[in-house]
Structure formats: C-alpha cells, structure tokens
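Colleague: I am new to this structure and would love a close look at one part of it. Could you walk me through the place where the two chains meet, and what lies around it?

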Amino acid sequence: MIEAVGLTKRYGDKTAVYNLSFQVRPGAVTGFLGPNGSGKSTTMRMILGLDNPTAGQVTIGGYPYRKLPNAPRQVGALLDAKAVHGGRAARNHLLCLAQLSGIPARRVDEVLGVVGLQDVARQRSKGFSLGMGQRLGIAAALLGDPQVLLFDEPVNGLDPEGILWVRNLMKSLAAEGRTVFVSSHLMSEMALTADHLIVIGRGQLLADMSVKDFIAANSAGFARVRTPDTEPQLREKLAGALAEAGGHVLPEQDGALRVTGLPLPRISDIAHDTDVRLWELSPHQASLEEAYMRMTQGAVDYRSTIDQKAGLQQPLPPGAQPPMPVPGQGQPGWYAPPPPQPGGQPFAAPQGPYGAPGAPAAAPGADAPNPYAQQAPQAPQSPPPAAPPAPAQPPAAPAAPSAPASLTKPEDAR
Amino acid sequence: MAATQVIRSEWTKIRSVASTVWTLSLAVVVTIALGMLISGLSANEFDNMSERDRLSFDPTFISFAGMSLGQLAMIVFGVLVVSNEYSTGMIRSSLAAVPQRGTFLFSKIAVATGLALVVGLATSFVAFFLGQAMLGEHRAALGDPGVLRAVIGGGLYMTLIAVFSMGVAAMLRSPMLSLGILMPFFFLISNILGNVSATEKLGRYLPDQAGSKIMQVVAPVGDDTPYGPWGGLGIMALWVLAALAGGYATLRKRDA
C-alpha cells in the first residue's frame, strides 16, 4: 500500500507536484496517467525517497521509504531503463544491484530468465535496444521479489509482443496480491492493464477511480448530426431547436454538429418538426483516449504548433493553389463534451489560464476527416473502442523455440 | 549488514567496468615510466650540476617524478568511480536499494580507496626500485633514513589524491565538471601557485603541495616549509576529509 498525503514538490518557483493525495492498494494494477511533464516521475522518485517532498509525505506500508525496514526486498522499481552503465554486462548490472540489497546471485539468473535476457546476459548493455533495456530494468525491479512494484513507463520501446508480456506480467503480479503502480502517458495501454487509475495533470490530481468507473463516467456517446451543406441556415435552425430541447450542441470543423444529452430518435423528431433534412445522424462513442485527452487538455505542458516552415518552402508557382491543411491539424481539439453527470463531475478539468484548448495534433484526427469511416464499429452498446476483444490472452503462436517461449513462462507458471 | 552489502556490490561495480582497469593501469605505467626516464636523465646530469643542487639531490624524490602526471590518471579514476553513478542514472537504483546515503557513499569510497591504496603502494615501490636502478651510483637504498617512509608515503599520496577526487566528484556530480576543475588545478594551477614567490606561502598548503612533502628525503637547500613530511600528509588528509564531508552533505541534502 502506497499512500501519498498532500504531496508537493517545488523546484525553484516551478511546482512539479501540488497537493497530491492518493492511495495505491495491493492486489490491483494502478495506472498512473498524465501528459509528459505532469509530475509522474517526480512522484515516483518521492515514493522511493530519492527526492524530498517540499510538503506532504508519501509512505509505503506506513513508513517513509528511507525508514522502511529492508526496503529493497519490499519495493522494486523501474525508473529509467537507460540508467545503466553501458560498459557493464547485463548480468553484472543486476548482480551489483542484488548484492546491494543482499539478494543471492542465483536470483539474478532467475530474473534474467523471467525477462528473457539470459542469452545476452554477458553482453554490455551499451548495445541493447530500447526494448531490451526495458526488460533489464524490469528484471532489476523483480530482483527482490518485492510486494510493492513501481514501473515508470515500462512499455516504452517494447514491441507488441513485449507490450503484451508486460501487461500480463503486471496483471499476474497484482493477482499475487502485490501492489503494482505503473505510470504511462498512454490511456489505451492503461485501459487494458490497469484496474484503477490515478490521473494527474500539471502535478495535480485529476481523477482517482477504477477503470470501470472511468469508462462509465467518460465513455458517454454523442450523436453526429449533419445538415445539407448547401443550406447553412438549416444548420443554425436545427442547432437552435436542439439547444432549446435541452441538448448540448457543438459545431464540428467540417460543418457537422456534435449533440449530447438527447437520444437519437428525439434528435430525428426535432429535425422533422423544424423541417430540417438530415444528411447524417449517427451514434458515436467517445473513447477512453478521448476522455483522457479532454481531461488533461488543459494540463498539457508541451503542445505542438503548426510547422510554419518559414523560409524553407519554395514560392508557389503563379496560379497554383496552396495545399489544403489537413483537418484536425493545428486546430483546436474537438473532444467529446463531458457526459452529463447526475451527481456532479467525478473530476474537475482545470480551468483558468491553461484552460484554452490548444492543438493536440493526432488525437481527434481519427474522427474529423471521415466521420463515416467509423460508424460500423461504434454502435453505442459496444465497448469503448480502446479495448480490443481479448486483452489477456497469450499470443496466438507462443511456440517459437528460444526467447518467446521463455517470455511466456511467467504466465504459464502461474 | 548494509555496509558489507554495499562493499560487495561496489566491488562488483568497480571490477565490471573497463574504465577502472584503464585509469589505474595508466596511473601505474605513467608514474613508473616517467619516473624512470627522469631518474635516468638526472643520473646523466649529476656531474654538470651545481654544488647547491648536488647537496639537495634527492634520488628518492626523483624516482617519484612521474607522479605529477600519474596522479592525473588517479584523479580520473576517483572521479569516474563516483560520478559514473550520476552520469548513468544508476544512483537512483543504488539509493533505492540503500536508502542510508551515508552508508552507501562511504562504503563505495572505501572500496575504491582500498583498490587505489593497493595500486598506489605497488606503483610507489616499483617506481622507487626501477628509478633507483636508473640512477646508478647516485641511488638511495630502501634502508636509508627516511626512504621507506617516502616510498610508503608515495603510495598514500596517490591514494589520497584519488579519494580527494571522489569527494569532489560527489559534490559536483558531473564527471566533466569534476575533471575540468581537478585536472588543470593539479596539473597547472597548484604548481604555479606553489612556485610564484607571491603565492608560495599559500600554495604550499594546497593538497598536492603539502602531500608530496612525504616523498622528500633530502630537503632542498634553504627550505623553510613550516611542516614536516607527516605534517604535510596530514594537511592533505584534512583536504580530503573536507572534500568527503562536502560530498556527504551534498548527497544527503540534495535530490538524487
């Protein structure tokens, strides 16, 4: 059990983490989500007693880390997979960590097997790929067979098979009753791996709830309504009528309307009553990714802008048309509006100086350019699109002789 | 307990990187080879020397002439042992495993110091014997008064230089910054301060100037240094203690 109370960290006048309180419980995978620079790694370092909080405290099993008896056997952590001396062989790297914690050397060979690095154990880690480095870091976290595990971005640089392996490893560790705390900036990954979510932005808590609740609270659907392009006044007319009937209407970039708060048949009736023809009336499900983006959009520190390419482009030949901008690029993001909450919002999206929506480049792109493309898989009763049907199944063909076989070992053994 | 665990681990760390072997063997080879070269040259020059120079001719000290360069490799060794932890980020894993930062730092330094002492003493003895062989008829014997003290002192001097570097590296954390300050300081600045008459009185209290007094058997004519060989080494040891205290304070207080 990890417990943070009023955790605050300031570096000079920059506040990295502010008044963060949460609990990470045993027996579940807790996802720790936030955009880059939101304070995830700082929080992890404070949990491990590496950074001293400016205010508040964080304890593991009731003790601050630096007072925790036999800490390395209780807590294992992967903070930064690149934090190894490149000139040292993988096995030696683990061996010195093991000796530091009083762990016998044979355990080193065990964890090397668990992460599938036994064949490169005596090679210098300088030549390792990002994925191999992550495996080495995970091996280091597993060394002490700890009850509490922290992983900072464990799937970075892993191939799909590696991602699946990490996902299953986290779940099996949690199933053994351990506390597993995994940070990520990928909502889609966490939706598959985690049981519980802690979302932060700009160092502040945005949400602390189970994935199930998160889905229920945030995956509310919306209807996309399109009126004839040829008659823009119809669009205004319909928007007014829908708003009057209690719907929440947002215009989309391509001229369609995003409507929440009204069921589809009602929208159709209203359109009929107001004499507006419809070209499209389609149900849509906001993905978890989208809900997460919406939640954190005010809290993103590093935001891309349109590449102006000033001075780099050839002058256009006379008469040529400048290329049309790709819809969704460099323009304000269009996320599904927050679903109506009977008991108030489960989280408060930060407002104020940071509240202006910017231009997250990739996220809404899937929706905007072609609204028709997504209709089939997005029936309202279907699960959110972030979740493929069978996340927990082992890979279809696990029988490749050497490395893959060893990778699936932990699941087989349990 | 924690200290023995850290010592075992640090021994694994220190022997599993190539830089240890490179820096230490460079220190050995440079110290011995340069000492032999200068000893041989001095033996040839002896007949042309002034009376004054002959009186203060110190065959033991001459055979240690290579240390002025060899100590630079010792500095690199000391700096890398500590700052490798920071430059690789390994320090976080290490401190997560050993939250008692003092235990961690001093066990680490103890292991590196032990290794530096063994290498330093071996270098000192070999440099002495080979240097004396080059000096021919002007040589000193190990049994002569003060010589054994000087030879052992040479090993201690090299060790203390390495430990001083470890302390500085623990304070500064960055290998480039530590080397960028220590190398020119010991190679140039300290020598300049010690040889310019205006700063001479101050310069002789610098760690290397004071510490190298232990390797002198015959004092130069007109020497008015206010401390003896062991006093000089003591002054150097105080510098080392100050550097270690600074390194410990830094590690304790700052975020890893």
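Modeller: Happy to. Two residues are in contact here if their C-beta atoms, placed from the backbone, lie within 7 Å. Please keep in mind that this is a predicted model.

With that in hand, the contact between the chains takes 28 residues from chain A and 23 residues from chain B. On the side of chain B that touches chain A, at least two residues each come from helix H1 (2–15), helix H5 (67–88) and helix H6 (90–97) of chain B. H6(B) gives the largest share of that side, seven residues. By kind, the residues of this side of chain B divide into four charged, nine polar and 10 nonpolar.

Let us stay with H1(B) for a moment. This helix has 14 residues and reaches 20 Å from its first C-alpha to its last, close to the 20 Å expected at 1.5 Å a residue. Its buried residues are B:Gln5, B:Val6, B:Ser9, B:Glu10, B:Thr12, B:Lys13 and B:Ile14. What covers them includes parts of both chains: helix H3 (90–100) of chain A, together with helix H2 (18–45), H5 and helix H7 (101–135) of chain B.

H5(B) leads us on to the core, as its range, 67–88, takes in B:Phe77. In soluble globular proteins, nonpolar side chains tend to be buried together. The largest nonpolar core here has 158 residues, and A:Leu94, A:Ala139 and B:Phe77 touch the most other members. Helix H8 (residues 147–172) of chain B supplies the largest share of this core, 15 residues. Leaving aside neighbours within four places in sequence, B:Phe77 is in contact with B:Thr20, B:Thr23, B:Leu24, B:Ala27, B:Ala116 and B:Ala162. There is also a second, separate core of 13 residues, which includes A:Val249, A:Ala256, A:Leu257 and A:Val276.

For the wider setting, chain A has 13 helices and 13 strands, and 43% of its 414 residues count as buried. The domain assignment of chain A gives domain 1 (2–216) and domain 2 (220–289), with C-alpha centres that lie 45 Å apart.

One last residue makes a nice contrast with those buried positions: B:Phe187, in helix H9 (residues 175–195) of chain B. B:Phe187 counts as partly exposed because 15 other C-beta atoms lie within 10 Å, whereas a buried residue needs 20 or more.

Key: Residues are numbered from 1 along each chain as its sequence is written. Chains are lettered from A and ligands numbered from 1 in the order in which they are written. This is a predicted model: local features need pLDDT of at least 70, side-chain atom pairs count only at pLDDT 80 or more; totals for chains, interfaces and linings use all residues. Domain bounds come from an automatic or database domain assignment. Helices (H or I, at least four residues) and strands (E, at least two) are DSSP runs, numbered from the N terminus. Ala, Val, Leu, Ile, Met, Phe, Trp, Tyr, Cys and Pro count as nonpolar, Asp, Glu, Lys and Arg as charged, and the others, Gly among them, as polar. A residue is buried if 20 or more other C-beta atoms lie within 10 Å of its own, exposed if 12 or fewer, and partly exposed in between; C-beta atoms are placed from the backbone. The expected span of a helix is 1.5 Å times one less than its number of residues. A nonpolar core is a set of buried Ala, Val, Leu, Ile, Met, Phe, Trp, Tyr and Cys residues joined through C-beta atoms within 7 Å.
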